[in-house]
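Work through the exercises below with the structure open beside you, and try each task before you read its solution.

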Amino acid sequence: MSRIYQAFENKKAFIGFLTAGDPTLDKTEEFVLGMEEAGASLIELGIPFSDPIADGPVIQEADVRALSAGCTLDGILEMVRSLRKKTDIPLVFLAYLNTIYKYGYDKFCEGCRECGIDGVIIPDLPFEERMEFLPTASKYGIDLITMVAPTSKERIEMAVKDSSGFIYVVSSMGVTGARSEITTDVGEMIEIIRGVTDTPTAIGFGINTKEQAAKYSAIADGVIVGSAIVRIIAEYGDRAEPELKKYVAEMVSEMTD
Amino acid sequence: MKGRVIDMSKGRYGKHGGQYIPETLMNEIHKLEDAYESFKNDPDFVKELDTLNREYAGRPSLLYYAKKMTRDLGGAKIYFKREDLNHTGSHKINNVLGQVLLAKKMGKTRVIAETGAGQHGVATATAAALLDMECEIYMGKEDTIRQALNVYRMELLGAKVHAVETGTMTLKDAVNACMREWTARVDDTLYVLGSVMGPHPFPMIVRDFQSIISKEAREQILEIEGRLPDVVMACVGGGSNAMGSFYEFIQDQDVRLIGCEAAGHGVDSDKTAATMAVGSEGIFHGMKSYFCQDEYGQIAPVYSISAGLDYPGVGPEHAYLKDIGRAEYVPVTDEEAVEAFEYIARTEGIIAAIESSHAVAHLMRIAPKMDKEQIIICTLSGRGDKDVAAIARYRGVDLHE
């Protein structure tokens with residue numbers, strides 16, 4: 001079992017996403033530690049990709065910044081190795097499948113295990129294609145995170161049955177990005193999931209306000225915030241750390257225990 | 001257990017293909033597959049599509065014997081499959097009539113589509129106008145400049161055109177934008193994909209609708225010549241006109257199948273779109289296939305004078321035909337394509353699309369080396385009116401429009 005369960009032990013998990021290498025890998029390390037200090041329970045590190053089809057403009061632009069600054073998967077793994085010496089916080093990668101496929105599934109999972117990555121979220125690897133990667137991930141003890149969407153409906157049961165780590169509950173249609181309103185009945189989705197598995201659930205896509213943090217942490221085991229964090233990094237760049245801490249602390253303070 | 005699990009992956013061509021898309025789209029893509037499987041054998045659907053093909057698109061397209069080019073090149077007999085004479089000016093209408101009709105049967109009221117040169121966008125906008133569907137087209141901003149006339153054409157047809165300003169602002173980015181839009185709105189919308197690419201069932205659906213090209217060509221050549229051709233060739237971007245041109249000949253082992261891809265400034269330069277020549281295996285835009293990419297799997301910026309071939313991947317069935325050696329794929333540079341564009345205009349009085357001119361360029365290489373008894377069928381996927389201004393610019397001619 002990976003470290004991921006720790007994020008949900010006796011508390012609701014605040015999961016923060018940032019794009020690795022935006023603006024630099026050194027800063028990513030600093031930002032992760034800052035967010036942990038502010039109360040984040042798990043960090044999602046985005047591996048920048050040239051064509052992130054599940055992401056909205058904010059994360060697309062972060063990927064462009066990271067790639068333009070020369071960020072590579074080898075560099076990211078190096079950074080994680082250094083980060084791991086300083087923290088035990090559960091860490092997962094968010095990676096588009098091609099970046100892993102091209103690197104090599106074995107080499108990637110071996111790198112993850114060695115550097116201390118606990119799980120991987122792959123937005124373009126649906127349930128039907130999971131055997132592409134799942135056997136390798138399992139071999140190295142890396143959790144492949146299951147995603148469930150508003151359109152999943154009768155697919156939910158099949159998708160979450162053998163889930164591990166946590167279940168990423170996509171709150172909204174479309175791509176990542178802050179939303180003022182979430183119209184999906186996520187409560188119903190979570191009820192179905194809980195009827196099938198004990199794997200913790202975390203709601204993502206669109207969450208950015210304190211009110212949403214309060215509301216959705218009451219429904220699920222955790223909330224995932226991405227674009228709102230990336231936007232702070234876009235605005236403050238190298239000097240984003242205090243702002244990130246302030247934002248994460250505010251969000252965490254609103255969440256139910 | 002393992003066997004059952006592997007069976008879940010659908011739409012495989014050897015190791016290529018599959019359905020690598022966000023969970024949000026999975027139910028919709030299954031619905032599309034179910035609808036297609038049921039309607040493709042539905043007599044009413046088949047009849048309606050056949051009527052549209054004949055009475056609206058102008059099918060069957062001509063198989064034209066290019067007597068002057070045959071004589072001038074001095075080798076094989078050259079036939080052109082004239083998809084350029086279809087309504088809307090390219091082979092794209094074959095697929096679009098099928099898909100938009102399918103969308104309507106599925107109860108959709110809106111279609112979205114990507115476009116490179118604008119041919120697929122124009123065809124989709126046309127079918128949407130005819131079949132009363134709302135239509136939005138996504139086109140790389142770079143391409144909206146290269147093909148400004150087609151943008152206005154789509155708008156005339158009642159479509160809304162979005163200029164995509166992300167990434168390289170070309171076809172690949174238009175596909176990204178369409179996929180993002182589709183994940184936001186699936187209930188009333190079908191993504192009418194323009195090539196034999198993307199997640200299953202698109203490569204199959206598009207190939208089936210485009211295979212009318214080879215179905216007709218095979219019958220036509222048997223009627224005219226009493227025998228099958230030695231070579232069937234077509235240009236390849238995503239690969240829909242090539243797949244359509246090849247499909248009914250795949251079982252005819254003696255027919256050589258040649259796909260001509262866009263080499264841009266050359267396969268040794270960094271300005272190329274010749275995926276088969278310089279690409280490597282990857283998983284992108286819903287499919288496992290060959291892609292132009294770097295060592296970390298970042299999709300490479302590609303280049304071709306032709307906006308329709310300016311794509312960093314190729315359809316999975318082509319990747320498979322290459323793997324098993326059934327089809328061969330050759331690169332053709334901008335300069336060669338432009339020379340062919342000029343040559344076929346001068347020699348046969350046909351202004352062919354710059355995309356199709358890539359195939360004509362390779363035909364000019366191989367025809368002279370073949371026997372006079374041998375036969376080549378080359379598909380002219382589209383007409384070149386849209387390219388005239390760009391070719392003039394390429395040749396340094398200043399047009400005062």
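The following exercises concern a predicted model, and each task is followed by a solution in steps.

**Exercise 1. The contact between the chains**

Task: Find how many residues of chain A are in contact with residues of chain B, and describe what lies between the two chains.

Solution: Begin with the residues themselves, where 42 residues of chain A are in contact with 38 residues of chain B. Next, turn to area, since the size of an interface is often given as the accessible area lost when the parts come together. Chain A and chain B bury about 3400 Å² between them, and 53% of this area is on carbon and sulfur atoms. Finally, look at the charged pairs, for which the count between chain A and chain B is four salt bridges. In a salt bridge between D51(A) and K172(B), the side chains meet with N and O 2.9 Å apart.

**Exercise 2. Buried or exposed?**

Task: Decide whether C135(B) is buried or exposed, and then do the same for Y152(B).

Solution: First place C135(B), which belongs to strand β6 (residues 134-140) of chain B. Its relative accessible area is 5%, and because buried means under 20%, C135(B) is buried. Leaving out residues up to four places away in sequence, C135(B) touches V111(B), T124(B), A125(B), A128(B), A159(B) and K160(B). Now take Y152(B), which is found in helix α8 (residues 148-156) of chain B. Its relative accessible area is 52%, and because exposed means over 50%, Y152(B) is exposed. Together with L156(B) and L157(B), Y152(B) forms a nonpolar patch on the surface, with about 320 Å² of accessible area for the three together.

**Exercise 3. A helix and its cover**

Task: State how many residues of α9(B) are buried, and compare the reach of this helix with the expected value.

Solution: Start from the length, as helix α9 (residues 171-184) of chain B has 14 residues. From its first C-alpha to its last, α9(B) reaches 20 Å, close to the 20 Å expected at 1.5 Å a residue. Then consider the cover: 13 of the 14 residues are buried, and α9(B) is therefore mostly covered.

**Exercise 4. A salt bridge within chain B**

Task: Work out which parts of chain B are linked by the salt bridge of E33(B) and K10(B).

Solution: The side chains of E33(B) and K10(B) meet in a salt bridge, at 3.2 Å from N to O. This pair links distant parts of the chain, with E33(B) in helix α2 (residues 23-39) and K10(B) in the loop between α1 (2-7) and β1 (12-13), 23 residues apart. As a last step, compare the cover: E33(B) counts as buried at 9% relative accessibility, whereas K10(B) counts as partly exposed at 30%.

Terms used:
Residues are numbered from 1 along each chain as its sequence is written. Chains are lettered from A and ligands numbered from 1 in the order in which they are written. This is a predicted model: local features need pLDDT of at least 70, side-chain atom pairs count only at pLDDT 80 or more; totals for chains, interfaces and linings use all residues. Side-chain values use heavy atoms; hydrogens and water are left out. Patches are made of residues with over 30% relative accessible area and no salt bridge: like charges are joined within 9 Å, nonpolar side chains (Val, Leu, Ile, Met, Phe, Trp, Tyr) within 5 Å. Accessible areas come from the Shrake-Rupley method with a 1.4 Å probe; for residues, only the protein chains shown count as cover. Helices (H or I, at least four residues) and strands (E, at least two) are DSSP runs, numbered from the N terminus. Buried means under 20% relative accessible area, exposed over 50%, partly exposed in between (1.4 Å probe, protein chains only). The expected span of a helix is 1.5 Å times one less than its number of residues. Contact means heavy atoms within 4.5 Å. Buried area is the accessible area (1.4 Å probe) that two parts lose on being put together, summed over both.
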